[in-house]
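Me: Please take a close look at a single part of this model, the packing around one residue in a core. Then show me what lies beyond it. Keep it brisk, as I am new here.

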Amino acid sequence: MIIEETFTVDAPLDHVWECIRDPAFVAPCVPGCQDVEDIGNGAYRAAVKVGIGPIKTMFKLEIEVLEEAPPGFARIATRGQEGTNASRLTAKSELTLSAAGDGETKVHYKSDVQVVGRLAKFGLGIMKKKAKALGAEFAENFRVAAES
Amino acid sequence: MEFHQPANLDQALALLAADPEARPLAGGATLVAMMNAELVAPSALVSLRGIDELQTIEETAEGGLRIGAMLSHADLAGEARLAGGHYVVRQAAAGIAHPAVRNIGTIGGAVAHGDPSSDLPAALVAADAAIEVTGPSARRAVAAEDFFVDYLTTSLAEGEMVSAILLPAQPEGAVGHYEKFARVHGDYATLSVAVVLAMKSGECSFVRVALGAAGPTPVRVPDAEARLLGSALDAQAVRAASALLIKACDPMDDVRGSAEYRLMLVPRLLARALAAAQEGAP
Amino acid sequence: MIDITLRVNGEDRTLGVPVPLTLLEALRDDMRLTGTKNACNQGVCGACTILLDGLPVNACLILAVSAAGREIITTEGLGEGGALSLMQQAFVDAGAIQCGFCMSGMIVSATALLAENPKPSRHEIRRALAGNLCRCSGYVRVIDAVVLASERGGA
């Protein structure tokens, strides 16, 4: 599934880049993110709580920045699992920032997320919908935080 | 995990209030399946099987029906009192899964689970049902449309449970119909249309339409119904109503169908449902 | 652990079970009644169909604790004294059985159908067996078997 968001932040490009490349800044913006840990070499570990109705679980993720061209571009790979490998997730993401005039920054990210295992078996359709909602929520949280 | 077998509703509610991680166990068709897949892990189960007041179906003074939460889909599929406009509920129940599941799955369990791709939510919205919710200190009736909030999410607050489904009296001469399109008989719907319809002198005098598997909750659009009211349910009226319904749909993409395909089904199934209901109308 | 007594194929069986244990697990693992099969564990395939108080249900969806004090009939209990039941024999004679994995559930469902509807149409048979999936047979001979059983006068 593709999660794609484009949004504008009322803050200069360099500042937005600093924020978005700072896991301690980004983590609280991700709905359900419990924990983020820098494990060096441009890689991070994160735990994200996910829930649909009565089903609640925790995805343990490893996020690696594969390539970056500050302050405008980053390519990120994510791998993770929940329920001791009951579901597995991989994601390839691209993040692009550009100056939007008037001291504003346009943020665009696109993630290609694949989930297999029990969550995919039981509710791939629901997950895709939830993922879109999460993406939108993250965008709003990040925007508000970066503008303050 | 503990297993409780309360003898009455008050006991059940007290047990649920005492432990927020406890879950009521109705038929188990969904809960046990989820437990088997380790998608949920309740601390305790409160079995509703022994609670007599949940097992009855009665006619109300106003000409409606009160269906106890523990009535099985098989019970409802064979219930002759679900006639006229209420037939939409009977037909929906009869098409759920397969006989073995219908023998244990319950209307209360299905409603509390709140899966918009399952059959009863849309049928209940079309029938203008209210969900009777009982908590430790209060009982309330919630319109079905307001009860279903999101995928697998209802407006049940902590400690509350579904105790009954209340069907109002349907307009005289109303006919209910549940039109379901699925990959195989008994599968979750790719799309479904629930209607309650009354005709007078060849014109639609009453209609309620709700779509299943079309979004996070059953989809109902009063403006779409308004387009059908007073019409002869001709192609143009159905087209206009369909267009309004489609705008309100937000179906998912999954193995049962793409979102695009499900939207394509809306006018086709709506036409079929209305035609079938008309055929049944006196 | 909860001590429960189940009446299985006419016999009382007492066992201690954890709450999440399904009736399917109790039958197969605790009681060694392995005729009932586990394929999907979700109530979709019907391989675990048994009769609970006379009604066909998926044993994987029933908790053993919920079955306490109730009548359970499995494939092992359909016939009398070790012989095949009329339905089981009809399935053999109609050539319905290939790998056999779905057949316990199929036969239980068919038995329940004839108990309620002794002369079902082929359509009614299909509807009654809709929850029993078979990957081998293509279903035609399964329907033939039920018709044969019906012609032979029972279940």
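Reply: Two residues are in contact if their C-beta atoms, placed from the backbone, lie within 7 Å. This is a predicted model, so local features need pLDDT of at least 70 and side-chain atom pairs count only at pLDDT 80 or more, while totals for chains, interfaces and linings use all residues. Residues are numbered from 1 along each chain as its sequence is written, with chains lettered from A and ligands numbered from 1 in the order in which they are written.

Start at B:Ala126. Leave aside its neighbours within four places in sequence, and B:Ala126 touches B:Val88 and B:Gly176. B:Ala194, B:Val195 and B:Val196 are also in contact with B:Ala126. So are B:Arg208, B:Val209 and B:Ala210.

Now widen the view to the largest nonpolar core (buried Ala, Val, Leu, Ile, Met, Phe, Trp, Tyr and Cys residues joined through C-beta atoms within 7 Å; buried means 20 or more other C-beta atoms within 10 Å of a residue's own). That core has 146 residues. B:Ala126 is among those with the most contacts inside it. The others named are B:Val88, B:Ala123, B:Ala194, B:Val195 and B:Leu197. A second, separate core has 14 residues, including A:Ala46, A:Leu61, A:Ile63 and A:Leu119.

Next, where chain A meets chain B. Chain A brings 13 residues to the contact, and chain B brings 12. Helix α3 (residues 118-147) of chain A gives the most to chain A's side, with seven residues. That side holds seven nonpolar, three polar and three charged residues (nonpolar: Ala, Val, Leu, Ile, Met, Phe, Trp, Tyr, Cys and Pro; charged: Asp, Glu, Lys and Arg; polar: the others, Gly among them).

Chain A itself has three helices and seven strands (DSSP runs, H or I of at least four residues and E of at least two, numbered from the N terminus). From the N terminus, its elements run β-α-α-β-β-β-β-β-β-α. Its C-alpha atoms fill a box of roughly 45 × 30 × 25 Å along the principal axes. Of its 148 residues, 22% count as buried. Among its contacts between residues at least 6 apart in sequence, 47% join residues at least 24 apart.

Last, chain C. It is divided into domain 1 (2-77) and domain 2 (86-151), with bounds from an automatic or database assignment. Taken over C-alpha atoms, the two domain centres are 21 Å apart. Domain 1 gives 14 residues to the contact between them, and domain 2 gives 11. On the domain 1 side, β3 (49-52) and β4 (55-58) of chain C each supply at least two residues. β3(C) gives the most to that side, with three.

Technical notes. A residue is buried if 20 or more other C-beta atoms lie within 10 Å of its own, exposed if 12 or fewer, and partly exposed in between; C-beta atoms are placed from the backbone.
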